[in-house]
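Visitor: Please show me the model, and then take me through its sheet and its main pocket with the criteria stated.

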Amino acid sequence: MTNPVNKTEFKACSRSILNALRKQPPSRAPSFISTVFGDSVEPHGGEISLGSLINLLAPFGINERLVRTSVYRLSQDNWLTYEKIGRRSYYRLTSQASVSVKQAESRIYYFPEKTWNNEWCLVFTGTAGTTAEQRTELRKRLTWLGFGMIAPNVYGHPAATLQPIWELCEELGVSDKIVVMRAHNFDQQHGLSSAEMVRQCFKLDELEKLYQTFIKRYQRLTACLTADDQLSGANPEHCFIIRSILIHHYRRILLRDPLLPTTLLPEQWAGLKAHDICATIYRAISPIAEQHILNVCENQIGGFKPMSESYRKRFT
């Protein structure tokens with residue numbers, strides 16, 4: 001016989017987490033809307049009516065005016081595009097945003113274990129022909145891809161794949177202007193070790209603190225969701241609230257994480273525990289959260305259809 005979920009505790013955690021979100025300034029709304037698109041809209045075809053989006057965000061204290069202001073800002077930033085049919089507007093991610101969201105999805109929901117062959121990937125962006133604007137954008141985007149700065153205009157990562165780098169260079173028009181190399185620590189007896197390089201190039205102490213805050217915030221909720229618990233009868237809207245805020249907080253930390261090989265991370269790295277907590281909660285509440293999404297959301301065709309099988313594999 002399974003133990004019933006502690007629904008009183010679950011509701012208390014839900015209220016606590018929602019209150020924490022509502023204390024954030026309105027400027028956070030565009031970022032949160034981006035999270036909702038990636039987590040809840042993309043799995044259902046990628047398009048949502050403005051009215052549905054307003055209804056979906058209402059429980060978070062984001063009112064209609066703020067939704068309209070935020071989607072306008074995201075459209076101006078080339079993150080959202082829309083189609084107007086009669087009096088209704090339908091929003092979806094731009095092609096550029098869709099690429100970014102898919103890259104983020106692989107980091108957030110699948111968290112592949114990084115194996116390491118003792119080589120570093122180095123990117124040199126200060127070569128002749130690159131403009132100051134291109135170098136600034138490269139720095140920002142390479143940092144997003146997990147690269148640390150080794151020296152001015154030199155970025156490194158011990159386990160990076162090359163494809164995202166080439167896609168970035170092609171997008172920025174610098175494919176023939178930068179240099180990408182593979183390197184390894186030639187002399188193990190002199191100079192910095194790879195572990196020491198990691199400590200200098202990546203702000204792991206700051207990242208550790210962010211993960212610890214996440215753990216402290218959500219660990220209480222995992223106590224309500226043991227392996228034998230059943231969430232039958234839980235409120236779908238509450239589960240949607242929890243899932244969305246959970247992923248929003250986790251996403252904001254994880255996208256700052258270079259995802260280094262385990263062998264180069266500090267012992268008892270908090271990021272691993274944070275991932276386990278996020279996965280446990282997400283898997284438990286996601287099916288019920290989906291009920292709320294299907295009840296509230298529609299696109300040009302009509303109500304949202306159930307998500308595809310590939311999206312059901314998140315955190316598995």
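Guide: Helices (H or I, at least four residues) and strands (E, at least two) are DSSP runs, numbered from the N terminus. This is a predicted model, in which local features need pLDDT of at least 70 and side-chain atom pairs 80 or more, while totals for chains, interfaces and linings use all residues. Residues are numbered from 1 along each chain, and side-chain values use heavy atoms, with hydrogens and water left out.

Visitor: Which element gives the largest share of the lining of the largest pocket?
Guide: A pocket here is an open set of points on a 1 Å grid over the protein atoms alone, where a 1.4 Å probe fits, with protein on both sides within 12 Å along at least five of seven lines; lining residues have an atom within 4 Å of a point. Among the elements that give two or more residues to this lining are helix 2 (29-41), helix 5 (95-110) and helix 10 (236-254). The largest share, ten residues, comes from helix 5.

Visitor: Which residues lie closest to the centre of the largest pocket?
Guide: The lining of this pocket counts 50 residues. Those closest to the centre are K140, R141, W144, R251 and L255.

Visitor: In what order do the three strands form the open sheet?
Guide: Two strands pair if DSSP finds at least two bridges between them, and six bridges join strand 2 to strand 3 (residues 88-93). Strand 1 (47-49) and strand 2 (80-85) are the edge strands, each pairing on one side only. The pairing is antiparallel, and the order is 1-3-2.

Visitor: Which residue of strand 3 is the bridge partner of E83?
Guide: Strand 2 and strand 3 run antiparallel. In strand 3, the partner of E83 is Y90.
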